[in-house]
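Biologist: I am new to this one and would like to see the reasoning behind each label. Could you show it to me and take my questions one at a time?

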Amino acid sequence: MKKIYNFSAGPACLPQQAINSSIESIKNFKQSGMSLLEMSHRSVQVVDLFEETTNNIIELLNIPKNYSVLWLQGGASLQFSMVPMNLLPIAGSADYIDTGSWSAKAIIECEKFGKVNVIGSSKDSNYSYIPKDVQISSNSSYLHITSNNTIYGTQYKNFPEINNNTFLVADMSSDILSKTIDISKFGLIYAGAQKNIGPAGVTLVIIRSDLFELKYRDIPTMMSYNTHASKDSMFNTPPVFSVCVVNETLKWLKQLGGLDSMANINELKAGLLYEEINRNTLFKSPINKEDRSLMNVPFIFDDNGIDDKVFLDFCLARGLTTLKGHRSVGGFRASIYNAMPQKGVEVLIETMQEFEKRYS
Ligand SMILES: *Cc1c(COP(=O)(O)O)cnc(C)c1O
């Protein structure tokens with residue numbers, strides 16, 4: 001198979017080691033003589049798998065004891081609704097910061113259950129920065145942020161400070177596990193797996209245990225965090241194979257030395273790429289320097305009259321795929337999640353340099 005570097009924003013590249021061991025699980029899971037794909041979620045092996053996966057993520061993220069880890073379905077998008085359904089009082093209000101399309105979608109869902117105060121937005125500049133110095137509303141139950149904006153390529157480097165009567169909720173779909181974070185700052189964190197954790201089909205939720213007690217409205221059983229927490233994410237049939245791939249990814253992260261090591265590698269990879277975008281006369285970054293994401297790196301042509309497709313084809317011929325920018329930004333976007341090897345970033349940089357020699 002020809003080596004391809006996949007810069008897709010999601011579903012995205014996974015560690016080869018995690019893919020290889022997942023293939024083994026499909027053939028013969030833990031010497032059971034059965035494929036994981038055909039095993040009951042009530043079997044000892046699968047119950048063990050969930051326990052191991054949860055323990056691995058607790059260890060990697062240093063999750064405090066008063067938090068629960070849930071493995072759910074419905075993607076990050078279902079969390080846009082589950083968060084206000086479970087955590088917003090009747091006639092209550094919540095603060096949201098609008099840093100892109102995903103935040104905007106979360107806001108629309110919350111508005112179905114109560115009042116939203118948009119206390120910061122960078123929409124006026126096509127989401128090229130993270131709004132800072134936001135003022136928390138006195139009556140808000142929580143503040144919702146998107147820690148990394150997959151489409152626009154901005155990322156929080158410091159989380160907003162909040163007072164004691166409220167808590168932070170974060171959509172961390174595209175940067176969870178990329179660095180160490182202080183979980184205790186958050187009431188709830190959610191992340192669709194297919195960016196930086198594993199394949200599509202499973203969504204990670206980390207929730208502070210006291211928030212289960214909130215029962216503001218009558219909601220469907222499946223929408224309640226309490227339902228899933230009280231049954232260790234096995235109230236109904238969970239996405240067992242997706243969780244297996246997640247676990248293999250977590251094992252890979254642990255072997256690498258955990259999240260501090262991963263963060264150093266991510267800083268290095270992104271640093272090299274931003275340096276080249278800055279140096280190369282054909283390209284520029286549309287994003288405010290201090291808010292640039294280490295995970296999703298958008299870049300555009302610097303008014304050189306070349307069609308985007310020329311560069312995309314140039315990349316494809318060198319095994320670099322899915323570099324087209326999101327339609328709302330245009331240009332290019334290199335998603336360089338944990339699993340993108342440094343070599344992939346280096347090949348991209350060489351390709352940009354070769355392209356400059358040919359076309360400038
Ligand atoms: C991809 C993405 C989503 C949507 O995830 P789904 O799992 O497809 O629902 C939400 N938020 C962010 C930040 C994302 O990157």
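**Reading the labels**

Modeller: Let us begin at the start of α8, where a side-chain oxygen of D307 comes to within 3.0 Å of the backbone nitrogen of K309. Before we go on, this is a predicted model, in which local features need pLDDT of at least 70 and side-chain atom pairs count only at pLDDT 80 or more, while totals for chains, interfaces and linings use all residues. Residues are numbered from 1 along each chain as its sequence is written, and side-chain values use heavy atoms, with hydrogens and water left out.

Biologist: What makes the pair D307 and K309 a polar contact?

Modeller: A polar contact is a pair of N or O atoms within 3.5 Å; within protein, one must be able to donate a hydrogen and the other to accept it, and residues adjacent in sequence count only if both atoms are side-chain atoms. The oxygen of D307 and the nitrogen of K309 are within 3.0 Å, so the pair meets the distance limit.

Biologist: What makes α8 a helix?

Modeller: Helices (H or I, at least four residues) and strands (E, at least two) are DSSP runs, numbered from the N terminus. Helix α8 covers residues 308–316.

Biologist: Which residues of α8 are buried, and why are they said to lie on the same side?

Modeller: F311, L312, F314 and C315 are buried. They cover an arc of only 160° around the axis, which puts them on the same side of α8; the arc is that of the directions from the helix axis to the C-beta atoms. An α-helix has 3.6 residues a turn, so residues three or four places apart point the same way. The buried residues of α8 pack against β11, β12, β13, β14 and α9, where contact means heavy atoms within 4.5 Å.

Biologist: Why is D313, also in α8, called partly exposed?

Modeller: Buried means under 20% relative accessible area, exposed over 50%, and partly exposed in between (1.4 Å probe, protein chains only). D313 has 37%, so it is partly exposed.

Biologist: And how do you know whether Y127 and L177 are buried or exposed?

Modeller: Y127 has a relative accessible area of 6%, so Y127 is buried. L177, at 1%, is buried too. Y127 sits in the loop between β4 and β5, with a phi near 55°, positive in a residue other than glycine. L177 lies in the loop between β8 and β9 and has a positive phi of about 70°, although it is not a glycine.

Biologist: Now the ligand: what makes a residue part of its surroundings?

Modeller: A residue is near a molecule if one of its heavy atoms lies within 4 Å of it. The ligand is surrounded by residues including W102, T146, D171 and Q194. Helix α3 (residues 75–87) gives the largest share of the shell, four residues.

Biologist: How do you know that S77 and K195 make polar contacts with the ligand?

Modeller: An oxygen atom of the ligand is 2.6 Å from an N or O atom in the side chain of S77, and one is 2.7 Å from such an atom of K195. The ligand alone exposes 390 Å², of which the protein buries 87%; accessible areas come from the Shrake-Rupley method with a 1.4 Å probe, and for residues only the protein chains shown count as cover.
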